Amino acid sequence: MTTTSLAASNAAVFTDPTAQIPTFHGLKSTTSLALARHVRFFPPPAFPSSSNSSSPLLVRAISTPAKPGVAAEPKRSKVEIFKEHSNFIRYPLNEELLTDAPNLNEAATQLIKFHGSYQQYNREERGQRSYSFMLRTKNPCGKVSNQLYLTMDDLADQFGIGTLRLTTRQTFQLHGVLKKDMKTVMSTIIRSMGSTLGACGDLNRNVLAPAAPIMRKDYLFAQKTAEDIAALLTPQSGFYYDMWVDGERFMSAEPPEVVKARNDNSHGTNFPDSPEPIYGTQFLPRKFKIAVTVPTDNSVDILTNDLGVVVISDAEGEPQGFNIYVGGGMGRTHRLESTFARLGEPLGYVPKEDILYAVKAIVVAQRENGRRDDRKYSRLKYLISSWGIEKFRSVVEQYYGKKFEPFRELPEWKFESYLGWHEQGDGNLYCGLHVDSGRIAGKMKKTLREVIEKYNLDVRITPHQNIILTNIRNAWKRPIATALAQGGLLNPRYVDPLNITAMACPAFPLCPLAITEAERGIPDILKRVRAIFEKVGLEYSESVVIRITGCPNGCARPYMAELGLVGDGPNSYQIWLGGKPNQTSLARTFMDKVKIHDLEKVLEPLFYHWKRKRYSKESFGDFTNRLGFEKLKDLVEKWDGSVPAPTRYNLRLFADKDTYEAMDDLARVQNKNAHQLAMEIIRNYVAAHK
């Protein structure tokens with residue numbers, strides 16, 4: 001069913017009082033879970049014509065309207081049936097984990113996602129598949145204790161592929177774990193006060209918040225709110241602990257306001273007799289992503305989330321409430337225009353004491369109305385696109401029990417990387433470190449381990465795949481900075497500006513959805529872009545936001561980039577242009593099927609004309625939107641590749657062998673040679689002192 005036909009179906013249902021919507025009994029509050037597999041039919045009332053209507057509203061799961069009097073079985077995806085028959089995400093995973101097979105069956109493969117793991121195999125190996133599992137942790141705000149970091153570092157060496165990966169949602173990914181080792185690895189994470197519960201699957205994922213440990217009221221309140229939302233939407237039925245630690249619970253005490261909000265059923269949000277009061281037997285139609293931040297700080301890509309929450313403070317800096325955005329999301333499918341990336345849009349404002357109830361109401365509206373027949377259209381963005389924001393707001397208000405207040409005015413957003421050394425505000429320092437594509441490996445991994453262990457540091461993971469070392473005493477700054485530099489973790493002013501904002505998903509060889517390279521391909525692509533910059537005369541300090549994914553699902557959020565490369569075939573990319581450096585505008589498709597070896601033919605003319613035709617301080621994304629894609633394509637087609645070469649000078653950079661070898665060792669950690677790294681350092685130094 002297309003988005004258009006879905007909208008038409010919705011309109012028909014809510015204007016025809018005789019229409020009946022078949023829905024899953026498991027999605028409604030029940031008095032007996034034994035009835036969960038039966039289907040009931042509810043005639044809906046006429047839908048209110050505006051969000052100001054006070055008439056009662058009965059909300060049900062969207063499905064194809066049945067003819068009056070005909071009890072048709074609603075169409076459901078296979079995953080919905082797996083969830084229904086699973087005894088709250090236990091069966092058949094519990095049995096499959098006990099077999100000698102290296103892999104899981106289809107149903108268990110879907111269910112283990114709720115536990116925070118994906119089954120994978122090396123797609124580059126021929127013959128019999130060598131299965132392994134990727135584990136993803138759940139770390140609200142990206143917070144990682146010293147104990148958990150050291151545990152993950154150990155597990156990567158003992159049971160993984162020897163690397164840790166920092167994700168775009170502030171979590172770890174641990175690749176290469178064998179099925180026979182899963183219980184050992186999972187239980188070790190849990191006993192180290194970590195968790196993978198809900199890091200994947202059809203439920204709330206990791207809740208983002210600014211990673212910086214800034215001791216300011218609004219930042220601290222944003223981080224606490226993110227942690228409270230994560231707790232509110234954590235599964236309650238115990239399946240996770242039953243599976244991995246034989247039912248033993250390892251949970252810290254929850255704030256009373258979280259427990260109260262979860263248990264509140266004054267507006268029909270809960271399943272009263274269910275071990276999952278918010279999720280029921282069916283959980284959500286698809287993944288659900290939430291981010292919390294403060295005004296101006298868009299380190300979390302706030303508009304790409306299903307639900308974005310922004311702290312609003314008074315003139316004295318005291319948090320008073322929250323603006324709420326809804327309906328963002330990145331995933332799409334090539335050549336299927338009814339799937340699309342979408343920005344979140346304003347829903348309204350709520351006082352600070354109501355935020356958990358408002359979040360719960362939004363989640364329940366998606367639970368009850370998101371499509372469960374076709375998973376391509378199951379995200380919240382499709383429901384809101386079909387209904388419109390006014391209708392969605394009206395439905396949510398029934399579960400919230402109040403009207404949303406008007407959205408408060410916000411200042412302009414700004415991308416914050418938090419790289420380098422900064423004051424926390426409590427006398428200590430924090431240090432943000434750039435990690436290319438979030439991959440911690442080799443000498444870098446060893447150095448981080450030594451520093452974090454020696455100084456007993458906690459860390460934070462950022463939404464841009466970087467890491468922050470926190471609570472550093474001033475006396476430790478020099479020895480830590482020296483150790484980090486020797487391990488290849490340079491001060492950000494010595495890192496290529498292109499690398500600072502670039503992101504890539506893992507893609508090959510383990511991601512089953514990858515069409516082409518991303519993480520393994522981005523180092524060379526960034527070098528080629530830097531060479532184009534030099535050829536057309538762009539300054540070294542200038543940059544564009546580049547994001548690369550191996551498929552259209554958008555894990556590295558390429559549709560927000562100034563230059564997005566989205567895999568659309570072997571060694572081929574769809575090129576997206578037009579995002580903004582502060583991640584507030586969607587890019588658009590510029591070209592399809594551009595082969596990797598032809599990138600210069602497209603990018604050279606674009607960067608050449610940006611250099612010569614841009615307005616003062618005009619970003620590359622704004623430039624491409626201003627000129628228009630038709631004009632840009634004409635410039636690309638007429639490009640002959642001739643650019644006046646800038647004057648180059650050959651300088652002897654290294655006076656002695658020891659200096660060269662030391663620089664070469666540092667450069668290899670960043671996949672560069674000694675000359676490239678030395679030139680970057682010199683350029684950055686000159687730029688910083690102009």
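A residue is buried if its relative accessible area is under 20%, exposed if over 50% and partly exposed in between, with a 1.4 Å probe and protein chains only. The model is predicted: local features need pLDDT of at least 70, side-chain atom pairs count only at pLDDT 80 or more, and totals for chains, interfaces and linings use all residues. Residues are numbered from 1 along each chain as its sequence is written, and side-chain values use heavy atoms, with hydrogens and water left out.

**Exercise 1.** Decide whether Phe629 is buried or exposed.

Solution. The relative accessible area of Phe629 is 10%, so this residue is buried.

**Exercise 2.** Classify the ring pair of Phe590 and Phe629 and place it in the chain.

Solution. Rings of Phe, Tyr and Trp (its six-membered ring) pair if their centres lie within 6.5 Å; planes under 30 degrees apart are stacked, over 60 edge-to-face and the rest tilted. The structure holds 20 such aromatic pairs. In this one, the ring centres of Phe590 and Phe629 are 5.3 Å apart and the planes stand at 85 degrees, so the pair is edge-to-face. Helices (H or I, at least four residues) and strands (E, at least two) are DSSP runs, numbered from the N terminus. Phe590 belongs to strand 21 (residues 588-595) and Phe629 to helix 19 (residues 629-637), so the pair ties together parts 39 residues apart in sequence. Phe590 has 2% relative accessibility and therefore counts as buried.

**Exercise 3.** Find which charged residue sits over the ring of Phe629.

Solution. The test asks for NZ of Lys or CZ of Arg within 6 Å of the ring centre and within 35 degrees of the ring normal. Arg588 has its charged end over the ring of Phe629, 4.0 Å from the centre. Elsewhere, Arg129 lies over the face of Tyr121, 4.1 Å from the ring centre.

**Exercise 4.** Describe strand 18 and its partners.

Solution. Start with the side chains of strand 18 (residues 546-549): Ile546 and Ile548 point one way, Arg547 and Thr549 the other, and all are buried. Next come the partners; two strands pair if DSSP finds at least two bridges between them. Strand 17 (residues 503-504) runs parallel to strand 18 and is joined to it by two bridges, with Ala504 opposite Ile548. Strand 19 (residues 563-569) also pairs with strand 18 in the parallel sense, over four bridges. Here Ile546 stands opposite Leu563.
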